[in-house]
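Reader: Please take a close look at one part of this model, the pairing of charged side chains. Add what surrounds the topic only where it helps.

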Amino acid sequence: MRTFMVAAIAAALIIPATAQAAPAAEDLGTLPGDLRSTAADINDAGTIAGVSYGTGTTQHAVRWDRWDGIKKLGDLGFDSWAAAINRDNVVVGYAVTSAGATQAVKWNSSGTLVQLTVAGATSSVAYDVNDTGTVIGTATINGVSQVVRWESWGEARVLGAGSASRITNGDWVIGTSGGDVVRWNPSGVRTVLDTGTFAGVNQLGDAVGTTSAGGVLWLRSGKTQLGSGARPSDINDNGAAVGAMSSQATRWDVFSGGVETLAPAPSTASDVNSSWLVAGTVGTSAATWDMAGTQTVLPAVSGATRHSVTGLSDVGQVIGVANFANGTYHAVVWR
């Protein structure tokens with residue numbers, strides 16, 4: 001039973017729905033000679049950042065441009081890895097140095113590599129980039145993991161001990177420090193939200209995750225507990241959080257407190273966009289649910305035995321991974 005449809009209908013009056021044809025599955029493949037690939041992030045133009053894997057542990061940061069296919073991003077002569085992409089096709093991640101250390105980097109829209117340095121760091125990783133080009137990541141300084149924010153022009157600011165994985169367009173930063181979930185405001189002021197695990201954040205700085213008591217919403221207005229069986233994974237700006245409750249894909253209405261079970265177990269909801277479109281998995285298939293809760297099972301990649309979702313754009317394009325019986329896997333997009 002859906003208990004939040006009044007709120008959903010009200011939201012529909014102010015959130016334009018995007019009419020789309022039934023999505024098709026596109027196997028994104030790998031770089032020539034590689035065996036596996038994963039899709040990490042997608043922007044609204046349909047450009048995707050991810051990794052192509054060769055034999056052993058060899059890996060290469062890549063970008064799939066909507067019309068030009070896969071492109072290997074520059075490196076420092078060794079492995080590289082990509083984590084996120086912004087609206088301007090700037091990708092962030094790391095490149096391995098000749099000393100075997102990870103070096104935080106970004107790749108400009110042209111694919112040019114830029115090293116993101118911080119004084120005293122022996123290793124670093126960039127995890128996210130917002131649409132103004134600010135990058136967030138982690139650097140090891142004097143043996144301690146420190147949260148670092150790099151401005152678009154390259155200046156580094158150390159925010160304190162911990163590891164940060166997400167930055168919003170308003171420069172809110174979410175990460176962890178010790179066993180705590182921590183939020184830094186745009187001025188760099190640190191707030192401990194809880195002892196627990198961080199899972200997702202919206203552009204307003206609201207976050208979701210789990211504590212010993214179960215799922216929780218860390219809103220700017222306060223904390224909301226979702227129950228011991230809840231495992232939220234994402235939250236949008238318009239009042240929807242998604243995840244799983246007792247191994248069933250679930251959507252929560254942040255404003256009304258309503259809960260909607262989207263699919264029976266085993267299922268999970270991974271991502272939600274501003275139109276309340278949800279992407280996740282049902283059994284071995286990828287699926288979406290619209291604002292009304294109507295489920296669409298996404299087409300399978302030929303030969304794949306299992307599909308998982310790794311991202312969802314605001315215009316409704318879904319990325320994920322297709323696994324094959326021979327143990328390999330490929331990045332996939334549904335659009």
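## Charged pairs and the pocket

Author: Glu 260 and Arg 251 are both buried. They form a salt bridge in this predicted model, with 2.8 Å between the closest N and O atoms. Side chains of opposite charge can pair when their charged atoms come close.

Across the whole structure, the search finds eight salt bridges. Another of them joins the side chains of Arg 63 and Asp 65, at 3.1 Å from N to O. Arg 63 counts as buried because its relative accessibility is 2%, under the 20% cut-off. Asp 65 has 17% and therefore counts as buried too, again under 20%.

The salt bridge between Lys 72 and Asp 75 has its closest N and O atoms 2.7 Å apart. Here Asp 75, at 25% relative accessibility, counts as partly exposed, and Lys 72 is partly exposed with a relative accessible area of 38%. Both values lie between the 20% and 50% limits, so neither residue is classed as buried or exposed.

Charged residues also appear in the largest pocket, which has a volume of about 1100 Å³. Of the 42 residues lining this pocket, those closest to its centre are Asp 41, Ile 42, Arg 166, Gln 203 and Leu 312. The lining divides into 16 nonpolar, 16 polar and ten charged residues. Strands that each supply at least two lining residues include E2 (36–42), E14 (163–167) and E30 (304–312).

How values were computed: Residues numbered from 1 in each chain as written. Predicted model: local features only at pLDDT ≥ 70, side-chain atom pairs only at ≥ 80, totals over all residues. Heavy atoms only, no water. 1 Å grid on protein atoms, 1.4 Å probe; cavity = no way out; pocket = protein on both sides within 12 Å on 5 of 7 lines; lining within 4 Å. Points joined across faces, edges and corners; volume = space filled by probe spheres on them. Helix = DSSP H or I, 4+ residues; strand = E, 2+ residues; numbered from the N terminus. Nonpolar A, V, L, I, M, F, W, Y, C, P; charged D, E, K, R; others polar. Salt bridge = Lys/Arg side-chain N within 4 Å of Asp/Glu carboxyl O. Buried < 20%, exposed > 50% of the residue type's maximum accessible area, 1.4 Å probe, protein only.
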